[in-house]
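This briefing accompanies the sequence and the three-dimensional structure shown below. It moves from the overall fold to the sheet, then to selected helices and to points of backbone geometry.

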Amino acid sequence: MKEALNYIKKEKNYIITIFIITFIWGIITHGFMFANSALSHDSLMESIINDGLIDWKISLGRILYPTYIYLTRGILVVPWLIGIISLIYIAISSILILKIFDIDKDNHIMKIITPGILVANVTMISLCGVFIEDMDVDMFAMMSSVIAVFLWRKHKKGYLYGTIPLFISLGLYQSYLSMAISLIMIVSIIDLLKKEDFKTVFNNGLRAILMIILAGLIYIIILKLIPIIFKKSVTSGTYNSLDTIFKMSLIEIIRETILCYLYTIKTIIYPASLYPDIITILINIVLIVGAGYIILSKVFSKNIKVKEKILILLLIFLLPFSMNISRILTNGMSHDLMHYSLWLTNLFIILIYIFDNKKHNKLKMISITLITIILLGNVRMANTLYMMKEIAEEKTQSYMNRVIYSIESFEDYIPNKTKVVIEGSPNMNIEFNNATDNLRRITGAGEDFSLYVGEYGRYDYYLKMFQYANINIIENPYLDKIEQWEINNMPVYPNKGSIKYIDDILVVKLG
């Protein structure tokens with residue numbers, strides 16, 4: 001702690017600069033969403049953190065989630081507060097990453113690019129636009145992983161100290177383990193390219209593995225105690241469950257390992273973007289080929305020994321697995337919220353040029369320019385999505401106001417007594433142009449109706465929380481006595497016949 005305080009005092013201006021740059025990136029990329037409450041999808045349902053939601057998070061292995069919520073921003077989702085807190089975590093992470101790689105504090109390019117990579121990426125856009133209720137939690141998990149790597153890198157017994165922040169990361173969102181593993185591998189590759197000897201890098205790697213194992217053991221032990229102490233179950237064999245890997249056959253593990261590698265490479269080369277597909281793909285191929293050329297020129301030089309060459313190539317080959325290891329552990333479950341570490345690819349590429357002895361300045365400037373183009377494109381994409389989400393919220397509210405009026409004015413309807421089933425969801429396509437089609441690949445960005453109705457209870461929550469409507473919503477499975485074909489043949493609201501009684505239940509078909 002004393003060391004940290006001394007560093008802050010000594011490097012106050014440098015730290016303030018990183019914070020300012022981070023907040024500039026954050027405001028221009030996500031400021032629109034921070035200042036608006038256009039909640040949708042899961043963020044709509046989780047606008048208030050209740051006991052049921054806490055139990056659900058714990059069941060997914062996010063055992064420290066309630067502790068974090070109660071100690072920081074509280075149970076109410078306030079976008080501006082969540083945004084500010086998240087940017088603070090990202091600024092701290094940026095400083096630590098620059099320290100991990102011993103980047104000179106006068107390297108202005110890295111001071112600008114590093115926070116940009118951590119702020120303006122597809123994972124952050126998905127979090128902010130659709131899952132903002134989890135954004136600060138996930139960024140704290142990310143920061144905790146970075147702290148663990150920093151301790152491992154900078155202190156003799158750091159691999160032991162690092163087990164605690166790495167455990168915290170696992171306890172908030174397990175996917176950010178990939179952040180720690182990826183950073184450790186990138187550090188190791190850069191060290192080898194800087195002619196660090198095999199033994200030193202190998203031993204450092206063993207200490208990193210020990211840190212990960214210890215953090216994992218602490219996490220598993222506490223996870224096992226939760227059902228015993230708190231009588232709360234942990235999800236098994238379903239979405240995001242923790243034991244999926246143990247239920248997979250060897251063939252499934254091999255298959256998912258291969259698919260993970262291919263999927264990760266594809267996602268890095270062809271992420272969601274508002275640029276034409278060919279431009280996005282070409283930019284990322286040029287970046288990878290340019291960095292690959294420098295790496296191979298070093299590997300096949302006489303300055304690096306055979307053992308170091310083999311280890312460099314092995315680590316580079318394994319890097320895509322480390323960036324998306326959650327996909328393997330969950331039998332193919334992979335989405336943008338789990339992909340944060342993939343965007344370290346651009347950081348890795350710039351680091352290769354920084355530590356290049358031959359100074360390929362033209363390639364370096366081309367790469368920095370292309371990465372800047374990617375980041376600015378992500379800024380534009382984020383704001384486009386956020387505007388679409390606000391339009392979707394307004395359209396949803398307008399539409400549901402009409403639905404509520406139709407229900408309450410229907411013959412023989414009694415407020416809060418008549419049983420009501422709302423079936424399906426309306427098709428609310430927000431038509432801009434084909435340029436936004438790629439944007440819809442972002443997790444949660446595909447729906448233009450604010451309510452994701454794949455699960456029971458969402459209409460009930462929305463009507464009570466956001467509309468103050470006294471409507472007695474019941475779940476569809478209750479309708480076992482109703483002929484399903486009769487519902488299927490009903491026209492869609494607002495057509496005549498889209499609302500009618502079936503037995504004593506008022507059925508409203510929206511889609």
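Helices, as the word is used here, are DSSP runs of H or I with at least four residues, and they are numbered from the N terminus. By that numbering, His41 has its place in helix H3. The model is a predicted one, and the protein chain in it has 21 helices and 4 strands. Its radius of gyration is 25 Å, close to the 24 Å that the globule rule gives for 511 residues, so the protein chain is as compact as a globular protein of that length.

**Overall dimensions, burial and charge**

- Measured out along its principal axes in the model, the C-alpha trace of the protein chain spans about 85 × 55 × 50 Å.
- Of the 511 residues in the protein chain, 54% count as buried, and the chain exposes about 23,400 Å², of which carbon and sulfur atoms supply 63%.
- Among contacts in the protein chain with a separation of 6 or more, 77% are accounted for by residues 24 or more positions apart.
- The protein chain carries 48 positive and 42 negative charges, and the mean positions of these two sets are 14 Å apart.

**The four-stranded sheet**

- The 4 strands form an open sheet in the order S2-S1-S4-S3, with mixed pairing, and its edge strands are S2 and S3, each of which pairs on one side only.
- In general, the strands of a sheet pair through backbone hydrogen bonds, either parallel or antiparallel.
- S1 and S2 pair in the parallel sense over 2 bridges, and Lys419 has Asn472 in S2 as its bridge partner.
- S1 and S4 also run parallel, and 5 bridges join them; on this side of S4, Val421 stands opposite Val507.
- S3, covering residues 499–502, pairs with S4 in the antiparallel sense over 4 bridges, and Ile502 stands opposite Ile505 in S4.
- The hairpin of S3 and S4 has 2 residues between the strands, and in this hairpin Asp503 takes a positive phi near 60°.
- Strand S4, residues 505–509, is mostly covered, with 5 of its 5 residues buried: Ile505, Val507 and Lys509 point one way from the strand, whereas Leu506 and Val508 point the other way, and all are buried.

**Helix H20 and its surroundings**

- Helix H20, residues 458–467, is mostly covered, since 7 of its 10 residues are buried; these are Arg458, Tyr459, Asp460, Tyr461, Tyr462, Leu463 and Gln467.
- The cover over the buried residues of H20 includes two helices, H3 (41–45) and H19 (361–408), together with two strands of the sheet, S1 (419–423) and S2 (472–473).
- Tyr468, whose phi is positive and near 50°, follows H20 and is found in the loop between H20 and S2.

**Val137 in helix H9**

- Val137 lies in helix H9, which runs over residues 135–154, and it is buried, with a relative accessible area of 1%.
- Leaving aside residues up to four places away in sequence, Val137 touches Tyr65, Tyr68, Ile69, Arg73 and Leu172.
- Although Val137 and Tyr173 are 36 residues apart along the chain, their C-alpha atoms are separated by 7.9 Å.

**Backbone geometry to inspect**

- As background, most residues other than glycine have a negative phi, and most peptide bonds are trans.
- His41 has a positive phi, near 55°, in a residue other than glycine; His41 counts as buried because its relative accessible area of 11% falls under the 20% cut-off.
- Tyr468 likewise has a positive phi in a residue other than glycine, near 50°, but Tyr468 counts as exposed because its relative accessibility of 72% is over the 50% cut-off.
- The peptide bond from Tyr493 to Pro494 is cis, with omega near 15°, and Pro494 lies in the loop between helix H21 (484–488) and S3.

Terms used. Residues numbered from 1 in each chain as written. Predicted model: local features only at pLDDT ≥ 70, side-chain atom pairs only at ≥ 80, totals over all residues. Heavy atoms only, no water. Buried < 20%, exposed > 50% of the residue type's maximum accessible area, 1.4 Å probe, protein only. Contact = heavy atoms within 4.5 Å. Rg over C-alpha atoms; globule rule 2.2 N^0.38 Å. Areas by Shrake-Rupley, 256 points an atom, 1.4 Å probe, with all protein chains shown as cover. Lys, Arg positive; Asp, Glu negative; His and termini not counted. Charge placed at Lys NZ, Arg CZ, Asp CG, Glu CD. Pairing = 2+ DSSP bridges.
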